[in-house]
Amino acid sequence: MNDLTQLAQAARELLGPAIPAGYTVIIAKAATCHPDRPGNTRGLCKSCYTLAHRNGTLAKHPCSRTIRTQADFVADYELLRSEGYTRHQIAERLGMRYTAVTTAYLNAVRAGLLTRDRTRAPRRAA
Ligand SMILES: [Zn+2]
């Protein structure tokens, strides 16, 4: 059981019968600036994010996003593809969403760093 499952179970135990029919419990990560508010982009609450954006101080609050260079992506993608993995499986292996892998793949193809995926078996020479 992972953390999220445990958290959802704990929330259901706490709120159980108090949750009216038709409502859903949404578990939001607490903001780092105001732990009583839900965290938004860069771990900030909405008002602190807006303020930092207006003041031009967003750089003080770096993204927690995993950064992978295009060269690393191309190398990983080529290796996994050569082992017969589908794009969905590659996304799973790289810990990326399918749409993110597709976007990175298309960018790499456009940049000439990757060849297109083979969509069917190559024709045999006659
Ligand atoms: Zn805040």
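Contact here means heavy atoms within 4.5 Å of each other, and buried means under 20% relative accessible area. With those terms in hand, the buried residues of H5 are covered by elements that include H3 and H4. The model is a predicted one. Its protein chain has five helices and zero strands, in the order α-α-α-α-α along the sequence. Of the 126 residues in the protein chain, 19% are buried. Among contacts in the protein chain with a separation of 6 or more, 26% join residues 24 or more positions apart.

**Zinc site**

- The zinc ion has four protein donors: Cys33 through SG, His34 through ND1, Cys45 through SG and Cys48 through SG.
- These donors lie 1.9 to 2.3 Å from the zinc ion.
- Along the chain, the donors of the zinc ion are spaced as C-H-x10-C-x2-C.
- The arrangement is tetrahedral because the four donor atoms subtend angles of 105 to 116° around the zinc ion, and four donors count as tetrahedral if all angles lie between 85 and 135 degrees.
- For comparison, the ideal angle for four tetrahedral donors at a metal is 109.5 degrees.
- Cys45 has 1% relative accessibility and therefore counts as buried.

**Loop between H1 and H2**

- Arg42 sits in the loop between helix H1 (3–15) and helix H2 (46–55).
- The phi of Arg42 is positive, near 60°, although Arg42 is a residue other than glycine.
- The relative accessible area of Arg42 is 29%, so Arg42 is partly exposed.

**Nonpolar cores**

- In soluble globular proteins, nonpolar side chains tend to be buried together.
- The largest nonpolar core in this model has 13 residues.
- Those with the most contacts inside this core are Phe73, Tyr77, Ile90, Leu94, Val101, Tyr105 and Leu114.
- Helix H3 (70–82), helix H4 (87–94) and helix H5 (98–110) each give two or more residues to this core.
- H5 supplies the largest share of this core, five residues.
- Another core, of six residues, lies apart from this one, and its members include Cys45, Cys48, Ala52 and Leu58.
- Two members of that second core, Cys45 and Cys48, are also donors of the zinc ion.

**Helix H3**

- The 13 residues of H3 should span 18 Å at 1.5 Å a residue, and the end C-alpha atoms of H3 are 18 Å apart, which agrees.
- Phe73, Val74, Tyr77 and Leu80 are the buried residues of H3.
- These buried residues fall within an arc of 145° seen down the axis of H3, so they line one face of the helix.
- An α-helix has 3.6 residues a turn, so residues three or four places apart point the same way.
- The buried residues of H3 pack against H4 and H5, whereas Ala71 and Ser82, on the other side of H3, are exposed.
- Gly84, just after H3, has a positive phi of about 90°.

**Helix H5**

- For H5, with 13 residues at 1.5 Å a residue, the expected span is 18 Å, and this agrees with the 18 Å between its end C-alpha atoms.
- The buried residues in H5 include Val101, Thr102, Ala104, Tyr105, Ala108 and Val109.
- Seen down the axis of H5, the buried residues occupy an arc of 165°, so they line one face of the helix.
- Gly112 follows H5 and has a positive phi, near 75°.

**Tyr77 and Asp117**

- Setting aside neighbours within four places in sequence, Tyr77 is in contact with Arg87, Ile90, Val101, Tyr105, Leu114 and Asp117.
- Asp117 is placed in the segment after H5.
- With neighbours within four places in sequence again left aside, Asp117 is in contact with Tyr77, Arg81, Arg87 and Tyr105.
- Asp117 and Glu78 are 39 residues apart along the chain, and their C-alpha atoms are separated by 9.7 Å.

Terms used:
Residues numbered from 1 in each chain as written. Predicted model: local features only at pLDDT ≥ 70, side-chain atom pairs only at ≥ 80, totals over all residues. Heavy atoms only, no water. Donors = N, O, S within 2.8 Å, 3.2 Å for Na, K, Ca; no water. Tetrahedral: all angles 85-135°; square planar, octahedral: opposite > 155°, others 65-115°. Buried < 20%, exposed > 50% of the residue type's maximum accessible area, 1.4 Å probe, protein only. Core = buried A, V, L, I, M, F, W, Y, C linked by side-chain atoms within 4.5 Å. Helix = DSSP H or I, 4+ residues; strand = E, 2+ residues; numbered from the N terminus. Expected span 1.5 Å × (residues − 1). Arc of directions from axis to C-beta.
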